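Reader: I have a model open on my screen and would like to go through it with you, a piece at a time. Could you put it up here before we start?

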Amino acid sequence: MTVALDRPVRTRTRTRDPEELLNTAQSHVRHLTINVLDSGMTLWDREIALLLRDHTMVRDMAERILGNAVMYTIGCMEHPEVHLGVGKLVDIGVHQLILDTPVWWALCDAYNEGRYKHHAPFIARRRDGLCLRTADFLKSVGFDIDEELWAIDGTDCSPCDNKVPDSH
């Protein structure tokens, strides 16, 4: 006689690493490759260097901001049906990605099925808790968000338009 025990099967969920996800897009860089790729830096290190060049912050903060910006950006691209928003601090990293257009296009190619992801902000910020709901959503899809960065802005969220198709 065979006895089978009913035990819950435990599966370990792997956290999605934003540095790895950003660096994966490197093979998708098609524009201005001399500017972007010839330094020998990874995309992660490039974006950190640009954040440090343009903002007063230490490397640890730049990495925290960029990591959460990558999580948010990829979350928006992979889940266009979910309205997401970001606070002021993490938005610094999102804007860094958008401003480095060869990298932004590479992210769109890798994670948005090649479609350009628009940035269409309103003027007034939202104060309806979307930032905190976004943090919860990103956790639910496997990201290990920086709780402190999302809590700093709390309900003071980016003014992006949820009615513009494929906009963050």
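Reader: Is methionine 71 buried or exposed?

Author: This is a predicted model, and in it methionine 71 has a relative accessible area of 4%, which falls under the 20% cut-off and therefore makes the residue buried.

Reader: Where is methionine 71 found, and what is it in contact with once its neighbours within four places in sequence are left aside?

Author: Methionine 71 belongs to helix 4, and, with those sequence neighbours set aside, its contacts are Pro18, Leu138, Phe143, Asp144 and Ile145.

Reader: And how far apart are methionine 71 and valine 94 in space?

Author: From C-alpha to C-alpha they are 9.7 Å apart, while 23 residues separate them in sequence. Valine 94 is itself one of the buried residues of helix 5, a set that also includes Val90, Gly93 and Leu97.

Reader: Since we've reached helix 5, what covers its buried residues?

Author: The cover includes helix 1, helix 3, helix 4, helix 6 and helix 8, the last of these being residues 147-153.

Reader: What span should helix 5 have, and how far apart are its end C-alpha atoms?

Author: Because each residue is taken to add 1.5 Å, the 12 residues of helix 5 should span 16 Å, and the end C-alpha atoms are indeed 16 Å apart, so the two values agree.

Reader: What about helix 3, how far does that one reach?

Author: Helix 3 covers residues 43-54 and reaches 17 Å from its first C-alpha to its last, which is close to the 16 Å expected for its 12 residues. Its buried residues, among them Trp44, Arg46 and Glu47, pack against helix 1, helix 2, helix 4, helix 5 and helix 6.

Reader: Different topic: is threonine 134 buried or exposed?

Author: Threonine 134, which sits in helix 7, counts as buried because its relative accessibility is 0%. A polar atom of its side chain lies 2.8 Å from the backbone nitrogen of glycine 85, and, not counting residues up to four places away in sequence, threonine 134 touches Tyr72, Leu84, Gly85 and Trp150.

Reader: Stepping back, how many helices and strands are in the protein chain, and what share of its residues is buried?

Author: The protein chain has 8 helices and 0 strands, and buried residues make up 45% of its 168 residues. Among contacts with a separation of 6 or more, 72% join residues 24 or more positions apart.

Reader: And how much area does the protein chain expose?

Author: It exposes about 9400 Å², of which carbon and sulfur atoms supply 53%.

Terms used. Residues are numbered from 1 along each chain as its sequence is written. This is a predicted model: local features need pLDDT of at least 70, side-chain atom pairs count only at pLDDT 80 or more; totals for chains, interfaces and linings use all residues. Side-chain values use heavy atoms; hydrogens and water are left out. Helices (H or I, at least four residues) and strands (E, at least two) are DSSP runs, numbered from the N terminus. The expected span of a helix is 1.5 Å times one less than its number of residues. Buried means under 20% relative accessible area, exposed over 50%, partly exposed in between (1.4 Å probe, protein chains only). Contact means heavy atoms within 4.5 Å. A polar contact is a pair of N or O atoms within 3.5 Å; within protein, one must be able to donate a hydrogen and the other to accept it, and residues adjacent in sequence count only if both atoms are side-chain atoms. Accessible areas come from the Shrake-Rupley method with a 1.4 Å probe; for residues, only the protein chains shown count as cover.
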